[in-house]
Amino acid sequence: IALDVKPDAVTLVPEKREELTTEGGLDLIVHKHTIAETVDTLQNSGIPVSIFIDPDPEQVKLAHKINASMVEIHTGTYCDAPTEDKKERAFSKIVDAVKFARKLKLGINAGHGLCYKTIKRFKGLYEIDEFSIGHSIVSRASMVGMEKAVREMIRLINEL
């Protein structure tokens, strides 16, 4: 479909039909060859490819090795952590993955579970190019309208 539509970019994510949302990043260790073929096909057609991965240095390294244009770091473990200690450990992994991806000159996006509260923790992590935030904005929009919900999130991101 992407080869016909020619989108500005494609993000490859692991999703099963029965899932409501992704449970984590693509496992490039297990699926390296299949994903590498897809990345090559898309990028040879002029479509930049991002790969949604867990914040793990090995996953970042493999994304770089198979010539992805960018990575999207899965932030769900941080956002869903039940304790402050677990949140800190999860966020530390995100920071390490983001810094490593930048060293490899990959574009960096981040997302999954981000909301009006969790986004604030990313202050000072300037290496991230984009945040993927959907559910939180749409949920907020049901209360204040889409325009205001988007403006509020943009303001929070601009304050980072």
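Modeller: Read along the sequence, this chain goes α-β-α-β-α-β-α-α-β-β-α-α. It is a predicted model, in which local features need pLDDT of at least 70, side-chain atom pairs count only at pLDDT 80 or more, and totals for chains, interfaces and linings use all residues. Residues are numbered from 1 along each chain as its sequence is written, and side-chain values use heavy atoms, with hydrogens and water left out.

Biologist: How many helices and strands are there in the chain?

Modeller: The chain has 7 helices and 5 strands; helices are DSSP runs of H or I with at least four residues, strands are runs of E with at least two, and both are numbered from the N terminus.

Biologist: Why is the chain called as compact as a globular protein of its length?

Modeller: Its radius of gyration, taken over C-alpha atoms, is set against the globule rule, 2.2 Å times the number of residues to the power 0.38. The chain has 16 Å, close to the 15 Å that the rule gives for 160 residues, so the description fits. Along its principal axes, the C-alpha trace spans about 40 × 35 × 30 Å.

Biologist: What is the order of the strands in the sheet?

Modeller: The order is β1-β2-β3-β4-β5, in an open sheet with parallel pairing. Two strands pair if DSSP finds at least two bridges between them; β1 and β2 (residues 49-53) have 3 and run parallel. In that pair, Val10 stands opposite Val49 of β2.

Biologist: What makes β1 and β5 edge strands?

Modeller: β1 (10-12) and β5 (130-132) each have a single partner strand, so one side of each lacks a neighbour in the sheet. On average, neighbouring strands are turned by 25° against each other, direction ignored.

Biologist: Which strands does helix α5 lie across?

Modeller: Helix α5 (residues 84-103) lies across β3 (70-74) and β4 (107-111), at about 175° to β3. Such angles run from 0 to 180 degrees between N-to-C directions, and axes are lines fitted to C-alpha atoms, for helices over the stretch in contact.

Biologist: Why is α6 called oblique to α7?

Modeller: The axes of α6 (residues 135-144) and α7 (residues 146-158) come within 7 Å and cross at roughly 130°. Angles under 35 degrees count as roughly parallel, over 145 as roughly antiparallel, 65 to 115 as roughly perpendicular and the rest as oblique. The α6 and α7 angle belongs to the rest, so α6 is oblique to α7. Residues in contact, meaning heavy atoms within 4.5 Å, include Ile137 and Val138 of α6 and Met146 and Lys148 of α7. The whole contact has 8 nonpolar, no polar and 3 charged residues.

Biologist: How do you know that α3 is roughly parallel to α5?

Modeller: The axes of α3 (residues 57-65) and α5 come within 9 Å and cross at roughly 25°. That value makes α3 roughly parallel to α5. Pro57, Val60 and Lys61 of α3 meet Ala97, Phe100 and Ala101 of α5.

Biologist: And what makes α2 roughly parallel to α3?

Modeller: The axes of α2 (residues 28-44) and α3 cross at roughly 10° and come within 10 Å, and that angle earns the name roughly parallel. Leu28, Ile29 and Lys32 of α2 are in this contact, and among the α3 residues are Glu58 and Gln59.

Technical notes: Ala, Val, Leu, Ile, Met, Phe, Trp, Tyr, Cys and Pro count as nonpolar, Asp, Glu, Lys and Arg as charged, and the others, Gly among them, as polar.
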